[in-house]
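Me: Please take a close look at a single part of the model shown below, and describe its residues, their contacts and the spaces that adjoin it. Kindly give the cut-offs behind each term as it arises.

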Amino acid sequence: MKPIPVVFHIWKLQIHTYGIGLAITFWVAYRYFDRRLRKWGYPTSWLTGAFVWIIVAAVVGARFMHVVSNWSAYAPDPIQVFAIWQGGLSSFGGLLFAIPTGLVVAHRRCPELHLIDALDLVSPVLMAGWALGRLLGPQLMVRGGGHPTTAWFGMYYADQVGKRLPVPIFQAFDSFVIFLVLLWIERHLAERPKGFVLAVTACLWGLARYLEEHLWLSYPGHLGSALVQDTGLALCGAGLLAAVALWLNRRRLPTAPAPLPTQQRGEGDVEGTEPAPSTVPLGGEAAAR
């Protein structure tokens with residue numbers, strides 16, 4: 001299979017396939033988060049403006065961390081730092097910048113959406129977005145493949161010699177599996193404590209990022225690769241400890257809110273108004289707080 005074109009032209013306008021893929025991913029993530037907010041009874045009129053800030057923070061953070069981790073490649077020609085259309089984004093950098101930005105904006109514009117509830121709600125969105133983004137981002141960019149391979153499933157990528165492991169496809173698959181696990185938890189563990197979905201996400205995704213980098217992407221002595229692996233293991237360990245602690249103490253902790261019945265969803269978002277107090281999703285002991 002020949003490499004997928006990474007650039008095409010519409011008249012004199014040069015279009016990068018990678019950028020289109022990321023734009024589609026952000027749009028899908030926005031629509032899915034909007035749907036989840038409505039499902040749990042929160043207003044969504046604030047989300048469009050907030051999402052613009054989240055996207056900017058994610059792209060800036062992802063590029064910043066990638067450049068810092070691979071500075072030796074950019075030092076001879078620093079102007080390439082801005083050539084984002086050629087790829088080079090750090091997932092951890094994107095999260096490091098985007099999540100705090102999103103939480104700050106959400107707190108200001110939707111104060112009834114508590115911090116831990118927001119993180120639980122957005123965790124499946126992040127996994128769904130990551131899965132789609134791998135297929136529509138790195139899979140379509142320059143140097144998007146992993147280690148060289150002679151296996152039948154190897155693929156050719158632009159600016160890489162020979163067949164490569166289709167790592168973006170592997171990443172999309174394991175992220176989608178994590179996404180399904182999170183949906184299963186929401187559906188079948190109704191008495192879970194707040195923060196449990198977030199903790200499981202951190203554990204599973206951190207482990208996945210470590211294994212992906214260690215098995216398919218890493219090269220000896222590469223600082224960025226070592227940082228990804230170390231961060232992945234740290235995230236996995238922290239998530240595992242948090243998940244175990246939350247579950248063992250679930251009877252003493254506030255339980256996660258349940259989604260609203262279908263007929264009540266979206267009622268509080270008419271013309272940007274907030275939901276009525278009876279529909280604000282506060283679960284367990286937190287209902288009195």
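Reply: The account below concerns one helix, α1, and its surroundings.

The model is predicted: local features need pLDDT of at least 70 and side-chain atom pairs count only at pLDDT 80 or more, whereas totals for chains, interfaces and linings use all residues. Residues are numbered from 1 along each chain as its sequence is written, and side-chain values use heavy atoms, with hydrogens and water left out.

The setting comes first. The protein chain contains eight helices and two strands; these elements are DSSP runs numbered from the N terminus, helices being H or I runs of at least four residues and strands E runs of at least two. Along the sequence their order is β-β-α-α-α-α-α-α-α-α, and α1 covers 17-39. The chain has 289 residues, of which 47% count as buried, a class defined as under 20% relative accessible area, with exposed meaning over 50% and partly exposed in between (1.4 Å probe, protein chains only). Contacts, meaning heavy atoms within 4.5 Å, reach far along the sequence: among those between residues at least 6 apart, 69% join residues at least 24 apart.

Within α1, Thr 25 is one residue to examine. Thr 25 has a relative accessible area of 9% and is therefore buried. With neighbours within four places in sequence set aside, Thr 25 is in contact with Gly 129, Leu 132, Gly 133 and Leu 136.

Ala 29 also lies in α1. Its relative accessibility is 13%, so Ala 29 counts as buried. Beyond its neighbours within four places in sequence, Ala 29 is in contact with Phe 51 and Val 125. Between Ala 29 and Gly 133 the C-alpha to C-alpha separation is 9.7 Å, while 104 residues separate them in sequence.

Phe 33 is in contact with Leu 47, Leu 121, Val 122 and Val 125, again leaving aside neighbours within four places. Phe 33 also belongs to the largest nonpolar core, which has 38 residues. Such a core is a set of buried Ala, Val, Leu, Ile, Met, Phe, Trp, Tyr and Cys residues joined through side-chain atoms within 4.5 Å. The residues with the most contacts inside this core are Phe 33, Leu 37, Trp 46, Leu 47, Leu 113 and Leu 121. At least two core residues each come from α1, α2 (47-69), α4 (91-109), α5, α6, α7 (196-217) and α8 (223-248).

A charged residue of α1 deserves separate mention: Asp 34. At 7% relative accessibility, Asp 34 counts as buried. Not counting residues up to four places away in sequence, Asp 34 touches Thr 44 and Leu 47. Leu 47 is thus named with Asp 34 and in the contacts of Phe 33.

The helix also borders an open space. The second largest pocket has a volume of about 300 Å³, and α1 and α6 (167-188) each supply at least two residues of its lining. On a 1 Å grid over the protein atoms alone, a pocket is an open set with protein on both sides within 12 Å along at least five of seven lines, a cavity is a set of points where a 1.4 Å probe fits but cannot get out, and lining residues have an atom within 4 Å of a point. Grid points are joined across faces, edges and corners, and a volume is the space filled by probe spheres set on the points. The pocket is lined by Tyr 32, Arg 35, Arg 36, Lys 39, Trp 40, Phe 179, Leu 183, Trp 184, Glu 186, Arg 187 and Pro 259. The largest share, five residues, comes from α6. By class the lining has six nonpolar, no polar and five charged residues, where Ala, Val, Leu, Ile, Met, Phe, Trp, Tyr, Cys and Pro count as nonpolar, Asp, Glu, Lys and Arg as charged, and the others, Gly among them, as polar.

Trp 40 and Glu 186 appear in this pocket lining and also in that of the largest cavity. The whole structure has three cavities of 30 Å³ or more, and the largest has a volume of about 70 Å³. Other residues lining the largest cavity include Asp 117, Asp 120, Leu 121 and Arg 192. Helix α5 (residues 115-136) gives the largest share of that lining, three residues. Five nonpolar, no polar and four charged residues make up the cavity lining.
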